[in-house]
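Thank you all for making the time this morning. I would like to take you through one protein chain, beginning with the whole and then settling on a small part of it.

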Amino acid sequence: MSATVKPFFDQATYTWTYVVADPATRHCVVIDPVLDFEPASAKISSDSADLIIDYIKAHDLVVDYLLETHVHADHLSASHYMRDKIGGEIGIGSDVMQVQSTFGGLFNTGEQFATDGSQFDHLFKDGDTFEVGKLTFRVMHTPGHTPACVTYVLDEQAAFVGDSLFMPDYGTARSDF
């Protein structure tokens, strides 16, 4: 594996976002990008996402995918914001439709909220593979936190697990979504 992995930590949500790039081709993926939300004021900002965008531009990278390891209840995703700013296709596990149906019922979203996964460009299934430059990723279905959780395995040498694993001192590994 000859990937460059740049982590970004969001202190407010204890979420890691990763930019994984092939240095030979300058193609990359962004995994679990965070959009900032201030609960007290209910304001949304893009400060965290803009730091990642700045990094991508400074290193002259081309974004192939914006990947979600799962649907996040603990933070907002910046995938759509980033796609509008720097391109890339948004991917998530194919069981996202089950999570969307659950959230739709819990939040009484009505019929206007699509529960068919159409908000994403790619719905990955267990065992799917895709290339980013000369890097190969394999998708591993890792349900538990949500039924749609996936792990992105890079060249069988690194795994980006999202909330499939939690540190002992933080996180609940909730599986009620």
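I will start with the overall figures and then turn to the strands at the beginning of the chain.

Please keep in mind throughout that this is a predicted model. The protein contains 3 helices and 13 strands, and of its 177 residues, 41% are buried. If we take the contacts with a separation of 6 or more, 55% of them are between residues that lie 24 or more positions apart. As for the surface, the protein exposes about 9,200 Å², and carbon and sulfur atoms supply 52% of that area.

Now to the part I would like to look at in detail, which is strand S2, covering residues 15-22; this strand is mostly covered, with 6 of its 8 residues buried. Which strands, then, are joined to S2 by bridges? On one hand there is S1, residues 4-10, which runs antiparallel to S2 and is joined to it by 7 bridges; within this pairing, Pro-7 stands opposite Tyr-18 of S2. On the other hand there is S3, residues 27-31, again antiparallel to S2, with 5 bridges between them, and here Val-20 stands opposite Val-29 of S3.

Let me finish with the connections, where the backbone angles deserve a careful look. S1 and S2 form a hairpin with 4 residues between the strands, and Tyr-14 there takes a positive phi near 55°. The hairpin of S2 and S3 likewise has 4 residues between its strands, and in that turn Arg-26 has a positive phi of about 70°.

Conventions: Residues are numbered from 1 along each chain as its sequence is written. This is a predicted model: local features need pLDDT of at least 70, side-chain atom pairs count only at pLDDT 80 or more; totals for chains, interfaces and linings use all residues. Side-chain values use heavy atoms; hydrogens and water are left out. Helices (H or I, at least four residues) and strands (E, at least two) are DSSP runs, numbered from the N terminus. Buried means under 20% relative accessible area, exposed over 50%, partly exposed in between (1.4 Å probe, protein chains only). Contact means heavy atoms within 4.5 Å. Accessible areas come from the Shrake-Rupley method with a 1.4 Å probe; for residues, only the protein chains shown count as cover. Two strands pair if DSSP finds at least two bridges between them.
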